[in-house]
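Trainee: Could we go through this protein together, one question at a time?
Mentor: Gladly, let's have a look.

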Amino acid sequence: MSKIELIHGSCADQTADAVVNAANSGLWAGSGICGVIFRKAGMTELTDACSKYETPLRDGDAVITPAFRMKNAKAVIHAVGPNFARTPKAFKELFDAYYNSLVVLKENGYHSISFPLISAGIFGGSLEDPPGESAKQCLRAYRKFVADYPDYDVDVKLCAYSSADMASASKQFEA
């Protein structure tokens with residue numbers, strides 16, 4: 001039975017088959033959750049694994065690497081969220097980042113995934129409510145994935161790190 005839940009915490013701390021990195025198009029270690037995941041997995045190991053992909057990736061793309069030193073996950077899925085400061089109407093690309101992550105999860109035989117709020121931090125640009133928009137697109141992607149693959153169970157954890165992000169994301173889950 002597939003399910004989705006909203007968690008107040010870091011996606012990097014959840015136990016799941018795959019933890020999602022809010023990646024940049026070059027797959028290099030960044031700040032925020034990206035930096036946290038690189039440090040937890042092992043900076044050298046994850047950098048080397050990411051360097052095997054041809055970059056830059058497009059907004060909405062998702063690729064997978066091992067989780068290396070992370071004890072709570074088997075894999076890291078790197079999802080490239082759009083930068084709304086550069087592309088203010090990139091809602092489809094944000095949806096794609098979530099949906100494509102779920103497809104990569106399935107293609108690798110995994111069933112549980114822990115997401116951050118993709119494009120809700122520095123990539124939120126001038127969106128009125130970046131965490132709420134991110135949660136909305138995650139819910140849309142989850143619903144489409146479950147409809148497209150009804151016989152494939154997924155356990156999705158969407159993680160809101162701050163109290164303000166949790167409040168915004170909660171409104172989407174209640175809607």
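Trainee: Which pattern does the protein follow when read along the sequence?
Mentor: This is a predicted model, where local features need pLDDT of at least 70, side-chain atom pairs count only at pLDDT 80 or more, and totals for chains, interfaces and linings use all residues. Residues are numbered from 1 along each chain as its sequence is written, and side-chain values use heavy atoms, leaving out hydrogens and water. Helices (H or I, at least four residues) and strands (E, at least two) are DSSP runs numbered from the N terminus. Along the sequence, the pattern is β-β-α-α-β-β-α-β-α-β-α.

Trainee: Which element gives the most to the largest nonpolar core?
Mentor: Such a core is a set of buried Ala, Val, Leu, Ile, Met, Phe, Trp, Tyr and Cys residues joined through side-chain atoms within 4.5 Å; buried means under 20% relative accessible area, with a 1.4 Å probe and protein chains only. This core has 38 residues, and Ile-77 and Tyr-98 are among those touching the most other members. Elements giving two or more residues include strand E4 (75-80) and helix H3 (91-107). The top contributor, with nine residues, is H3.

Trainee: On how wide an arc do the buried residues of helix H2 lie?
Mentor: In H2 (residues 43-50), the buried ones are Leu-46, Ala-49 and Cys-50. The arc is that of the directions from the helix axis to the C-beta atoms. These residues share one side of H2 because their arc is only 100°.

Trainee: What percentage of the 175 residues is buried?
Mentor: Counted over the protein's 175 residues, the buried share is 54%.

Key: Buried < 20%, exposed > 50% of the residue type's maximum accessible area, 1.4 Å probe, protein only.
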